[in-house]
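Before us is a single model to be read by question and answer, with each reply working towards one value or name. Please look through it first.

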Amino acid sequence: MALEHNGDVYSCDHFVEPGHLLGSIGDGHLLELVDSPRQRKFGQDKHDTLSRHCLECDVRFACHGGCPKDRFDTTPDGEPGLNHLCAGFKAFFHHVDRPMRTMAALLRPSSLPR
C-alpha cells in the first residue's frame with residue numbers, strides 16, 4: 001500500500017492513481033482501508049488474473065506471478081499477462097533451490113545438536 005503526504009491511501013505504490021485510491025486517513029482509520037473490500041479485491045485479483053502458464057509454474061510459490069505492473073508479456077502459449085521478469089525469477093529460484101533446501105534441513109530442530 002502507499003500512503004501519500006496528504007493522507008491518501010492507495011492499493012499499491014505502483015498504482016498511485018485515482019482508480020486505486022482507497023481513501024484518506026484523515027477520513028477514517030488506516031485499518032479500515034487495509035481491510036476494505038476494494039483492497040481485498042486488489043489482492044485477490046493478483047491471483048485471479050494469473051495465466052495458466054503461471055498457475056502451473058513450479059516456482060509460483062515464491063514469486064506468485066510477481067507484481068501486476070510487470071505482467072505485460074505473452075506466455076509461450078500466447079496467453080497475455082506473463083510477468084516480464086518471469087525468466088529471471090525462474091532462473092534465480094531454480095539456482096537457489098538446492099542450497100535453500102540444505103539450509104532448511106540444517107535448521108530443522110531434529111538436525112540441531114542436543
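Q: Does Phe-92 count as buried, partly exposed or exposed, and what is its relative accessibility?
A: This is a predicted model, and the values discussed here are computed from it. Buried means under 20% relative accessible area and exposed means over 50%, with partly exposed in between. Phe-92 therefore counts as partly exposed, its relative accessibility being 48%.

Q: What geometry do the rings of Phe-92 and Phe-93 adopt as a pair?
A: Phe-93, at 22% relative accessibility, counts as partly exposed. Ring planes over 60 degrees apart count as edge-to-face. The centres of the Phe-92 and Phe-93 rings lie 5.1 Å apart and their planes meet at 70 degrees, so the pair is edge-to-face.

Q: Which residues form one aromatic cluster?
A: The structure holds three aromatic pairs, and one of them joins Phe-92 and Phe-93. These two residues also belong to one aromatic cluster, whose members are Phe-89, Phe-92 and Phe-93.

Q: How many residues apart are Phe-15 and Phe-42, the pair that links distant parts of the chain?
A: Phe-15 and Phe-42 form an aromatic pair that is edge-to-face, with 5.8 Å from centre to centre and 75 degrees between the planes. Phe-15 sits in the loop between strand E2 (8-10) and strand E3 (21-24), whereas Phe-42 belongs to helix H2 (residues 37-48), which places the two 27 residues apart.

Q: Does Phe-42 count as buried or exposed?
A: The cut-off for buried is under 20% relative accessible area. Its partner Phe-15 counts as buried at 15% relative accessibility. With a relative accessibility of 12%, Phe-42 likewise counts as buried.

Q: What is the radius of gyration of the protein chain, and what does the globule rule give for 114 residues?
A: The protein chain has five helices and five strands, arranged along the sequence in the pattern β-β-β-α-α-α-α-β-β-α. The chain is more spread out than a compact globule, because its radius of gyration is well over the value from the globule rule: 19 Å against 13 Å.

Q: What share of the 114 residues of the protein chain counts as buried?
A: Along its principal axes, the C-alpha trace of the protein chain spans about 55 × 50 × 20 Å. The chain exposes about 8,200 Å², of which carbon and sulfur atoms supply 58%. Among its 114 residues, the share that counts as buried is 28%.

Q: How far apart are the mean positions of the positive and negative charges of the protein chain?
A: The protein chain carries 13 positive and 16 negative charges. When each set is reduced to its mean position, the separation between the two is 11 Å.

Terms used
Residues numbered from 1 in each chain as written. Predicted model: local features only at pLDDT ≥ 70, side-chain atom pairs only at ≥ 80, totals over all residues. Heavy atoms only, no water. Helix = DSSP H or I, 4+ residues; strand = E, 2+ residues; numbered from the N terminus. Rg over C-alpha atoms; globule rule 2.2 N^0.38 Å. Buried < 20%, exposed > 50% of the residue type's maximum accessible area, 1.4 Å probe, protein only. Areas by Shrake-Rupley, 256 points an atom, 1.4 Å probe, with all protein chains shown as cover. Lys, Arg positive; Asp, Glu negative; His and termini not counted. Charge placed at Lys NZ, Arg CZ, Asp CG, Glu CD. Phe/Tyr/Trp six-rings, centres within 6.5 Å; stacked < 30°, edge-to-face > 60°.
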